[in-house]
Amino acid sequence: MDKDNKRIALVTGCTGGLGTAICKKLYNDGYRVVGNYLTHSRGEAWSAEMQAEEYNISIYQCDVTDYDKVGEMIKQIEEEIGGIDVLVNNAAITKDGQFKKMTYERWDLVMKTNLYSVFNCTRHTINQMIERHYGRIINISSVNAQRGQFGQVNYAAAKAGVHGFTKTLAVEVAGKGITVNTISPGYIATDMVMSIAEDVRRKIIESIPVGRLGGTEEIAYLVSFLASEQSSFITGVNYAINGGQHMY
Ligand code: CAA
């Protein structure tokens with residue numbers, strides 16, 4: 001809780017499309033929202049936009065692939081704002097391309113950004129949550145962790161790892177007032193999806209039964225539900241939210 005008795009939510013990768021929508025929704029729900037970002041110029045521009053829209057969100061720069069730096073960031077948030085009640089592990093990148101041409105660097109960067117970051121942020125947060133006997137951890141995975149997607153061996157491997165992480169941690173902290181869940185968005189109208197070549201993207205949209213890309217606010221709505229105190233009996237679950245593109 002912060003000094004005004006509000007629950008504190010940390011959203012990693014806050015400047016992206018999903019991160020922004022999640023921050024805004026949690027802010028509107030009454031949380032004290034803290035955003036993590038990577039690039040200074042982007043973070044500052046984002047913060048100015050949020051302020052102009054009257055969202056009072058504190059931001060902390062940190063490369064979530066760096067275990068020690070994440071530790072410093074979490075400590076600073078705890079000292080300056082308070083203990084984190086809700087952690088949304090959202091930061092992620094793509095480095096798409098066929099496996100036969102994939103470099104070690106593209107594999108490594110995606111694994112570190114999309115999977116190691118989940119370990120780094122959660123590991124530095126969990127003991128405080130255990131002490132306070134309360135926590136909500138929400139990990140953002142992907143439809144492409146559940147099915148094959150041409151060009152995404154690195155991304156699919158990392159995002160599938162995220163849900164394995166969720167299930168095991170959920171078991172370990174179930175008796176401590178902490179829930180751990182995964183959300184697996186399908187194709188959402190973000191810069192990440194809009195950067196796919198137009199002809200490829202058109203074919204992908206044709207394969208979505210709902211007939212369109214998802215909206216970022218549709219994912220944020222599910223985050224808000226899982227973050228709530230009332231969701232205390234839901235843990236270790238993977239929520240598919242993909243417009244019917246993949247059912248299992
Ligand atoms: N299935 C089968 N073959 C395919 C294919 C597919 N879906 N897509 C491309 N190919 C084939 C082409 O026909 C072509 O074959 P030939 O060489 O025989 O002509 C070849 O692959 C293309 O070769 P390139 O050298 O151009 O391929 P590349 O290694 O550069 O990779 C790609 C192409 C970048 C992966 C491109 O196909 C692409 O962007 N695909 C979409 C990937 C995608 O969906 N990414 C999701 C990003 S958003 C996200 O990840 C969020 C989320 O969680 C959903």
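## Helix and sheet packing: worked exercises

Helix 3 (residues 67-80) packs against helix 4 at an angle of about 40°, and their axes lie 9 Å apart. Keep in mind that this is a predicted model.

**Exercise 1. Work out how helix 3 is oriented relative to helix 4, and who makes the contact.**

Solution. Start with the angle of about 40°. Angles under 35 degrees would count as roughly parallel, so helix 3 ends up oblique to helix 4. The handedness of this crossing is right-handed. Next, pick out the residues: helix 3 brings Tyr67, Val70, Gly71, Ile74 and Glu78, while helix 4 answers with Phe119, Asn120, Cys121, Arg123, His124, Thr125 and Gln128. Sort them by class and you get five nonpolar, five polar and two charged residues.

**Exercise 2. Do the same for helix 4 and helix 5.**

Solution. Helix 4 spans residues 104-132 and helix 5 spans residues 153-173; they pack at about 15° with their axes 8 Å apart. That angle makes helix 4 roughly parallel to helix 5. As for handedness, helix 4 passes helix 5 in a right-handed crossing. Now walk along the contact. On the helix 4 side, the residues include Trp107, Val110, Met111, Leu115, Val118, Phe119 and Ile130. Among their counterparts in helix 5 are Val153, Tyr155, Ala158, Val162, Phe165, Leu169 and Val173. The class tally for this contact is 16 nonpolar, four polar and two charged residues.

**Exercise 3. Describe the packing of helix 1 and helix 8.**

Solution. First the geometry: the axes of helix 1 (residues 17-29) and helix 8 (residues 216-227) come within 8 Å and cross at roughly 50°. The two helices are therefore oblique to each other, and their crossing is right-handed. Then the residues: Gly17, Leu18, Ala21, Ile22, Lys25, Leu26 and Asp29 of helix 1 meet Thr216, Glu217, Ile219, Ala220, Tyr221, Val223, Ser224 and Ala227 of helix 8. Count by class and you find nine nonpolar, three polar and three charged residues.

**Exercise 4. Lay out the sheet, find its edges, and place helix 1 and helix 2 on it.**

Solution. Write down the strand order: 3-2-1-4-5-6-7, an open sheet of seven strands with parallel pairing. The ends of that order give you the edges: strand 3 (58-61) and strand 7 (238-241) each have a single partner strand, so one side of each has no neighbour in the sheet. From one strand to the next, the twist averages 20°.

Now zoom in on one pair. Strand 1 (residues 8-11) and strand 4 (residues 86-89) pair in the parallel sense over three bridges, and Val11 stands opposite Val88 in strand 4.

Finally, add the helices. Helix 1 packs on the sheet and touches strand 1, strand 2 (32-37), strand 4, strand 5 (135-140) and strand 6 (178-185). The direction of helix 1 makes about 175° with that of strand 1. Helix 2 (residues 40-52) also packs on the sheet, where it touches strand 2 and strand 3, and its direction makes about 180° with that of strand 3.

**Exercise 5. Decide how compact the protein chain is.**

Solution. Take stock of the parts: the chain has eight helices and seven strands. Its radius of gyration is 17 Å, close to the 18 Å that the globule rule gives for 248 residues, so the chain is as compact as a globular protein of that length. For its extents, the C-alpha atoms fill a box of roughly 50 × 40 × 35 Å along the principal axes.

Definitions and conventions: Residues are numbered from 1 along each chain as its sequence is written. This is a predicted model: local features need pLDDT of at least 70, side-chain atom pairs count only at pLDDT 80 or more; totals for chains, interfaces and linings use all residues. Side-chain values use heavy atoms; hydrogens and water are left out. Axes are lines fitted to C-alpha atoms, for helices over the stretch in contact, and angles run from 0 to 180 degrees between N-to-C directions. Helices (H or I, at least four residues) and strands (E, at least two) are DSSP runs, numbered from the N terminus. Angles under 35 degrees count as roughly parallel, over 145 as roughly antiparallel, 65 to 115 as roughly perpendicular and the rest as oblique. A crossing is left-handed if the near helix is turned anticlockwise from the far one by less than a right angle, and right-handed if clockwise. Contact means heavy atoms within 4.5 Å. Ala, Val, Leu, Ile, Met, Phe, Trp, Tyr, Cys and Pro count as nonpolar, Asp, Glu, Lys and Arg as charged, and the others, Gly among them, as polar. Two strands pair if DSSP finds at least two bridges between them. The radius of gyration is taken over C-alpha atoms; the globule rule is 2.2 Å times the number of residues to the power 0.38.
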